[in-house]
Amino acid sequence: MAPVSLPPGFRFHPTDEELVAYYLKRKINGHKIELEIIPEIDLYQFEPWELPSKSLLPSNDMEWYFFSPRDRKYPNGSRTNRATKAGYWKSTGKDRKVNSEMRAVGMKKTLVYYQGRAPNGHRTDWVMHEYRLDEAECEIATGLQDAYALCRVFKKGSISTSSKASAASPQDHSFTNLAQMSSDQSSSIDIYSEGRCDDFESSEYSVPIERCSTSLAHEHGSSSSLCEVGDGQWMQYLNEDEFC
């Protein structure tokens, strides 16, 4: 199946409920899915870093979706064989229910990929969410709900930073610029004003903190009055002749 391209601006960000109650349920019950963007692969035949090339929907979000047949580890058992050639997927935490319209429609399992062989495998940043359909949602034979799982694979820490930067608000950029200004001028006051610092940025003066100006102290007849400037008091000196 050829890769699918969406119009500019569209992203594939389904919820857990949508993945189970629509995509997985339709897949198992043989119903048509409006947009075929989740391919069917034998997921455990590949290492996680090989999976992005198998996706029909390349994404800057660094997460990929697949239907995968559930291979049994033992002929008469319920455990799934999740071993690959170079490692294995290990479940972590408890399975969670996926609800739709106030009822459970499936389960969600979280797994982490380990390189090597158990129990001495090396934990990696590859994570998978495996979704399974509840038996009550099956319209045909009992046990068919285990025919497929829907898997969401991603790598922790590799979410596109460019997409995060483009989604940042103007206030975020103002705070970034303010932090850079503060590091360059260590003797200036750090001003946090929720992105509204135009008045201060246009000022040509840097106001010292906890530093004495010997010349100003003599002119004002005090050796300590300018050394103990508290919050709100330093504004009065902006009107002095020295700053005009």
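In this predicted model, the charged end of K90 sits over the ring of Y114, 5.6 Å from the ring's centre. K27 does much the same kind of thing with Y148: its charged end sits over that ring, 5.1 Å from the centre.

Stepping back to the whole chain, there are five helices and five strands. Read from the N terminus, the elements go α-β-β-β-β-β-α-α-α-α. Of the 244 residues, 32% are buried. The chain exposes about 15800 Å², and carbon and sulfur atoms supply 48% of that area. Among contacts with a separation of 6 or more, 59% are between residues 24 or more positions apart.

Aromatic rings come next. The structure holds seven aromatic pairs. One of them brings together W64 and W126, whose ring centres are 6.2 Å apart and whose planes meet at 35 degrees, so this pair counts as tilted. The pair ties together distant parts of the chain, with W64 in strand 1 and W126 in strand 4 (residues 122-133), 62 residues apart. Both W64 and W126 are buried. Elsewhere, F12, Y22, Y23 and Y65 form one aromatic cluster.

What about the nonpolar interior? In general, nonpolar side chains of soluble globular proteins tend to be buried together. Here, the largest nonpolar core has 19 residues, and Y23, I38 and L150 touch the most other members. Helix 1 (16-29), strand 1 and strand 4 are the elements that give two or more residues to this core. Helix 1 gives the most, with five residues. As for I38, setting aside neighbours within four places in sequence, this residue is in contact with F12, Y23, Y65, F66, F67 and L150. Apart from the 19-residue core lies another one, made of 14 residues, among them L111, Y113, M128 and V153.

Then there is R82, which belongs to the loop between strand 1 (63-69) and strand 2 (87-100). Is R82 buried or exposed? With a relative accessible area of 14%, R82 falls under the 20% cut-off and therefore counts as buried. Not counting residues up to four places away in sequence, R82 touches Y44, R70, Y88, W89, K109, L111 and E130. With Y44 there is also a polar contact: the two side chains are joined at 3.5 Å. L111, another residue on that contact list, is a member of the 14-residue core.

The backbone has a few oddities of its own. Most residues other than glycine have a negative phi, and most peptide bonds are trans. The peptide bond from A118 to P119, however, is cis, with omega near 0 degrees. P119 is found in the loop between strand 3 (103-115) and strand 4. Two more cases turn up in the loop between strand 2 and strand 3, which holds E101 and M102. Phi of E101 is positive, near 55 degrees, and phi of M102 is positive too, near 70 degrees. Where do these two stand on accessibility? E101 has a relative accessibility of 67%, so it counts as exposed. M102 reaches 84%, so M102 counts as exposed as well.

Key:
Residues numbered from 1 in each chain as written. Predicted model: local features only at pLDDT ≥ 70, side-chain atom pairs only at ≥ 80, totals over all residues. Heavy atoms only, no water. Helix = DSSP H or I, 4+ residues; strand = E, 2+ residues; numbered from the N terminus. Buried < 20%, exposed > 50% of the residue type's maximum accessible area, 1.4 Å probe, protein only. Polar contact = N/O pair within 3.5 Å; in protein donor to acceptor, adjacent residues only side chain to side chain. Contact = heavy atoms within 4.5 Å. Areas by Shrake-Rupley, 256 points an atom, 1.4 Å probe, with all protein chains shown as cover. Phe/Tyr/Trp six-rings, centres within 6.5 Å; stacked < 30°, edge-to-face > 60°. Lys NZ or Arg CZ within 6 Å of the ring centre and 35° of its normal. Core = buried A, V, L, I, M, F, W, Y, C linked by side-chain atoms within 4.5 Å.
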